[in-house]
Every structure is written in C-alpha cells, then in structure tokens.
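This report turns to the salt bridges of a single structure and to the accessibility of the residues that take part in them. The sequence and the model are shown below.

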Amino acid sequence: MTALMTFTSHIAGKNATVEIHSDRIEWEQQGRVSATRVITGAALITGARKGGSTEMIPVRAITSVTTKKDGLRNHSVSIITGGNTIDMRVSKAEAEQIKSTLTRLMLN
C-alpha cells in the first residue's frame, strides 16, 4: 500500500524515515555507523551499520496530535497514544501537514 505521506524526522535523538498510511504510522531508524573497517576479499567496507529499529502505531490508537515550535527552524509534532508520546522534529510546513493528515485519519 502506498504511503499518504513520507518524510524524515528526528525521533528520540535519531533520524527516522516516517510513513503515514491510512491505518498506521511506521518509522525506521537506521543503526549507528561504526568506525570499524571490515575487509571482505578485495573489498574494504567502512562504516558498517549496527542495530536499527522499526515501530508502528495504528491510527486507531492515537488519542491526540499536537505541534509546537522546537528551536529556530523546527517544530515538534507530538503523537499521543494511550501509553506513550512520540515526538517528531520536522519543519513548520511538514508539522502542519502531518497534524492535518493525522487529524483527518483519526476523525474518519
């Protein structure tokens, strides 16, 4: 299924690729890049990724969406569920679009 919206955000101190679908929000955070160099045959690989995580929230679990200014150029979108709050740091224009999209999905 095609995402309604895709953007890059800062979640819990790490960059994440976020997708909003009609029934859920998903995001993936890449793992840390290590300074280790790995030699495999003739190839030298630097900065191998370690870790990484994905998370998904069903739209029906969202109870509220708020936005606020976060620094000089960014805004924070807070997605509030029954047991958690996820803060996403994005541009002002993206924050307004995210809130509008999620509010529309929550009310339908």
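Does Asp23 count as buried, partly exposed or exposed? At 39% relative accessibility, Asp23 counts as partly exposed, where buried means under 20% relative accessible area, exposed means over 50%, and partly exposed lies in between (1.4 Å probe, protein chains only).

The model is a predicted one, in which local features need pLDDT of at least 70 and side-chain atom pairs count only at pLDDT 80 or more, while totals for chains, interfaces and linings use all residues. Residues are numbered from 1 along each chain as its sequence is written, and side-chain values use heavy atoms, with hydrogens and water left out.

A search of the whole structure finds 3 salt bridges, a salt bridge being a side-chain nitrogen of Lys or Arg within 4 Å of a carboxyl oxygen of Asp or Glu.

| Salt bridge | Closest N and O atoms |
|---|---|
| Arg24 with Asp23 | 2.8 Å |
| Arg24 with Glu26 | 2.7 Å |
| Asp70 with Arg89 | 3.3 Å |

The pair of Asp70 and Arg89 links distant parts of the chain, since Asp70 lies in strand E7 (residues 62–70) and Arg89 in strand E9 (residues 85–91), 19 residues apart; strands are DSSP runs of at least two residues, numbered from the N terminus. Asp70 counts as partly exposed at 28% relative accessibility, and Arg89 counts as partly exposed at 34%.

Salt bridges that share partners join Asp23, Arg24 and Glu26 into one network. Within this network, Arg24 counts as buried at 17% relative accessibility, whereas Glu26 is partly exposed, with a relative accessible area of 28%.

Key:
Helices (H or I, at least four residues) and strands (E, at least two) are DSSP runs, numbered from the N terminus.
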